[in-house]
Amino acid sequence: MHKNLFLAFSSFFITISNTILGTNDTFNIENLQFVWEKTPNFYKSKKVFLDAFTKCYDTIDLKKLKKSSKEELYLWLDETFNNTFEDYQNNEEQLWLTIKLANHNIGFLIINISKYPDEIYLEQFAVNPKFQRKQIGTSIIDSLVEQFPECKKLAVVTRWVNYQSVNFYKKYGFVESSYTHPGLDPKLYGGFEFIPKKHQDYFHDGSMNKES
Ligand SMILES: CC(C)(COP(=O)(O)OP(=O)(O)OC[C@H]1O[C@@H](n2cnc3c(N)ncnc32)[C@H](O)[C@@H]1OP(=O)(O)O)[C@@H](O)C(=O)NCCC(=O)NCCS
């Protein structure tokens, strides 16, 4: 599906009404806006990305990340975001979902729909650390499944050392798979996939699961 075609058919402003959150601070998940953007804000998104990954990698041994210092790690994250943003701009089959709260960007998800409806690949995903563990990530994946009911599979590749991400996908119901990209070391990166309930009667090759 083409990016422009998708945007033409989808609603630009999707407010998720959700009552799953029971928290005693001022945050209310009902106030989140999920916005498919053609031209996302580079700086706001970069801040979310850097804050999220800096916090997430803060507790991980730099050697496991193959970095010699925090500065090197930060520069690598900075460059990773720049490349991610450029890839998005040059790829018509990537879509960008920004999560906003009172006009602040608090998260984003980039998906690749080149194999839709067989698969949606999660390219990048981050939530502002101040808003993590409030079920926002879960709501984003829920909304993806809801908005793309024909999608047979969600796939993602993540670093094994990123326990936050690995835990998140496992908790959501993703299972480990052989999914990977050329050149990625399977000792460092793991593939995960999630088959939405309505498609669970089908094997990955599209044939029916006769035992179910
Ligand atoms: C992964 C990420 C997007 C999850 O967002 P989130 O809004 O915090 O996720 P949720 O609140 O919906 O968490 C759902 C479950 O995931 C697991 N999880 C999330 N963060 C976790 C953490 N820091 N440690 C352990 N488990 C975690 C928990 O099981 C959690 O359920 P619980 O809070 O009831 O125990 C967020 O942690 C993030 O931005 N991480 C840094 C960037 C990143 O790793 N992106 C993914 C790259 S593929």
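Start with the whole chain in cartoon view: five helices and eight strands make up this predicted model. Follow the chain from the N terminus, and the elements come in the order α-β-β-α-α-β-β-β-α-β-α-β-β. While everything is still on screen, here are two totals for the chain. Of its 212 residues, 21% count as buried. Of the contacts between residues at least 6 apart in sequence, 57% join residues at least 24 apart.

Next, select the largest nonpolar core, a set of 36 residues. Try colouring Ile99, Phe108, Leu109, Ile111, Leu122, Ala126 and Ile136, since these are the members that touch the most others. Which strand should you highlight alongside them? Pick E5, which supplies six residues, the largest share of this core. A good place to pause is Leu122: beyond its neighbours within four places in sequence, Leu122 is in contact with Leu109, Ile111, Leu154 and Val156. As general background, nonpolar side chains in soluble globular proteins tend to be buried together.

Now move to the ligand and show the residues around it, 21 in total. Gln132, Gly137, Thr138, Asn167 and Lys171 are the closest, so to speak your front row. Several elements give two or more residues to this shell: helices H2 (42-58), H4 (136-147) and H5 (163-172), together with strands E5 (120-127) and E6 (154-159). Which of them gives the most? Select H5, with five residues in the shell.

For a last view, colour the shell by residue type: you will find nine nonpolar, nine polar and three charged residues around the ligand. Strand E5 is worth a second look here, as a contributor both to this shell and to the core you visited earlier.

Methods. Residues are numbered from 1 along each chain as its sequence is written. This is a predicted model: local features need pLDDT of at least 70, side-chain atom pairs count only at pLDDT 80 or more; totals for chains, interfaces and linings use all residues. A residue is near a molecule or strand if its C-beta atom, placed from the backbone, lies within 6 Å of it. Helices (H or I, at least four residues) and strands (E, at least two) are DSSP runs, numbered from the N terminus. Ala, Val, Leu, Ile, Met, Phe, Trp, Tyr, Cys and Pro count as nonpolar, Asp, Glu, Lys and Arg as charged, and the others, Gly among them, as polar. A residue is buried if 20 or more other C-beta atoms lie within 10 Å of its own, exposed if 12 or fewer, and partly exposed in between; C-beta atoms are placed from the backbone. Two residues are in contact if their C-beta atoms, placed from the backbone, lie within 7 Å. A nonpolar core is a set of buried Ala, Val, Leu, Ile, Met, Phe, Trp, Tyr and Cys residues joined through C-beta atoms within 7 Å.
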